[in-house]
Amino acid sequence: MKFRTLMVAAIVAMLPQFNAGAQVNLSAGSTSPQLSDLMIALQFQHIKLWLAGKLGNWDLANYELRQIQASLRKATPPPSEGLRSSQTTEQLQSLDRAIQQKDGAAFAKAYSDLTNGCNACHRASGFGSITIQVPVNSPFSDQLFADQIAQGRALARGTCGLCHVVSDAARETPAFRELWLILGDAA
């Protein structure tokens with residue numbers, strides 16, 4: 001566990017700041033430090049997207065999806081790769097719909113499709129040895145991916161909601177329920 005954390009920290013420390021306007025266009029089989037750094041950042045974003053979606057943290061999943069989209073724009077493919085770009089756009093749109101609808105099953109399918117698209121692009125670009133998969137565990141031991149606010153609301157509804165009206169409004173004062181609503185109309 002400590003080794004993995006140290007490795008992640010070392011990789012993150014080595015990532016340079018990306019130039020917001022930089023575009024990286026490479027022919028098959030070639031590489032550059034910019035593209036390599038960009039792909040490492042994309043891999044981290046890919047992992048975080050999965051963990052957030054898997055745990056239903058839709059706000060974080062939405063954020064990571066936007067990060068992926070921005071990173072992919074920096075690595076604009078040559079015009080000859082327009083079909084792959086179109087497929088990637090469709091995969092990202094499917095992910096976006098699943099996240100907006102908070103649909104775990106649709107998210108898992110769209111995420112798998114995106115992952116397969118990444119691997120197809122790697123093969124077509126001469127980097128077939130780089131294969132991405134659904135993460136098995138998190139290399140980010142310092143980040144919680146669960147939506148703690150949603151978990152807190154669920155806990156409040158399940159525990160406090162027996163006697164109180166639990167609202168989604170952040171600053172609303174809980175009100176007591178009428179006892180007959182809890183016990184039933186015994187009269």
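Start with Phe-107 in this predicted model. Setting aside neighbours up to four places off in sequence, Phe-107 is in contact with Leu-49, Trp-50, Gly-53, Lys-54, Trp-58, Leu-95, Ala-98 and Ile-99. That list leads straight into the nonpolar core and the aromatic pairs, so let's take those in turn.

**The core**

The largest nonpolar core has 25 residues, and Phe-107 is one of those touching the most other members, together with Leu-49, Ala-61, Leu-65, Leu-95, Ile-99 and Tyr-111. Four helices each put in at least two residues: α2 (33–54), α3, α4 (82–100) and α5 (104–124). Helix α2 gives the largest share, with 9 residues. As background, nonpolar side chains in soluble globular proteins tend to be buried together.

**Aromatic pairs**

The count of aromatic pairs comes to 4. Here are two of them, both with Trp-50 as a partner:

| Pair | Distance of centres | Angle of planes | Class |
|---|---|---|---|
| Trp-50 and Phe-107 | 6.0 Å | 25° | stacked |
| Trp-50 and Tyr-111 | 4.9 Å | 45° | tilted |

Why does the Trp-50 and Phe-107 pair count as stacked? Its planes are at 25°, and the cut-off for stacked is under 30 degrees. The Trp-50 and Tyr-111 planes sit at 45°, so that pair goes down as tilted.

Each of these pairs links distant parts of the chain. Trp-50 is in helix α2 and Phe-107 is in helix α5, 57 residues apart. Tyr-111 is in helix α5 too, 61 residues from Trp-50. Trp-50 and Phe-107 are both buried, and Tyr-111 is buried as well. Add Trp-58 to these three and you have one aromatic cluster: Trp-50, Trp-58, Phe-107 and Tyr-111.

**Gly-53 and helix α3**

Gly-53, another contact of Phe-107, is found in helix α2. Is Gly-53 buried or exposed? With a relative accessible area of 6%, Gly-53 is buried. Beyond four places in sequence, Gly-53 is in contact with Trp-58, Ala-61 and Phe-107. Between Gly-53 and Glu-64 there are 9.8 Å in space, C-alpha to C-alpha, for a sequence separation of 11 residues.

Trp-58, Ala-61 and Glu-64 are among the buried residues of α3, which also include Leu-60, Leu-65, Ile-68, Gln-69, Ser-71 and Lys-74. For reading a list like that, keep in mind that an α-helix has 3.6 residues a turn, so residues three or four places apart point the same way. The length of α3 checks out: its 17 residues (58–74) should span 24 Å at 1.5 Å a residue, and the end C-alpha atoms are 25 Å apart, which agrees.

**The α4–α5 loop**

Lys-102 lies in the loop between α4 and α5. What is the phi of Lys-102? It is positive, about 55°, although Lys-102 is not a glycine. For context, most residues other than glycine have a negative phi. Lys-102 counts as exposed, because its relative accessibility is 57%.

**Further along α5: cysteines and a histidine**

How many disulfides does the structure hold? The number is 0. The sulfur of Cys-118 has its closest cysteine sulfur in Cys-121, 7.6 Å away, which is too far for a bond; the cut-off is 2.5 Å. Looking from the other side, Cys-121 is in no disulfide, and its nearest cysteine sulfur is that of Cys-118. Both cysteines are partly exposed: Cys-118 at 26% relative accessibility, Cys-121 with a relative accessible area of 29%.

His-122 is found in helix α5. At 14% relative accessibility, His-122 counts as buried. Residues up to four places away aside, His-122 touches Phe-127, Gly-128, Ile-130 and Ile-132.

**The whole chain**

Zooming out, the chain has 7 helices and 2 strands. From the N terminus on, the elements run α-α-α-α-α-α-β-β-α. Of the 187 residues, 27% are buried. The accessible surface comes to about 12200 Å², with 58% of it belonging to carbon and sulfur atoms. As for contacts between residues at least 6 apart in sequence, 59% join residues at least 24 apart. The Trp-50 and Phe-107 pair, 57 residues apart, is an aromatic link between distant parts of the chain.

Conventions:
Residues numbered from 1 in each chain as written. Predicted model: local features only at pLDDT ≥ 70, side-chain atom pairs only at ≥ 80, totals over all residues. Heavy atoms only, no water. Expected span 1.5 Å × (residues − 1). Buried < 20%, exposed > 50% of the residue type's maximum accessible area, 1.4 Å probe, protein only. Core = buried A, V, L, I, M, F, W, Y, C linked by side-chain atoms within 4.5 Å. Contact = heavy atoms within 4.5 Å. Phe/Tyr/Trp six-rings, centres within 6.5 Å; stacked < 30°, edge-to-face > 60°. Areas by Shrake-Rupley, 256 points an atom, 1.4 Å probe, with all protein chains shown as cover.
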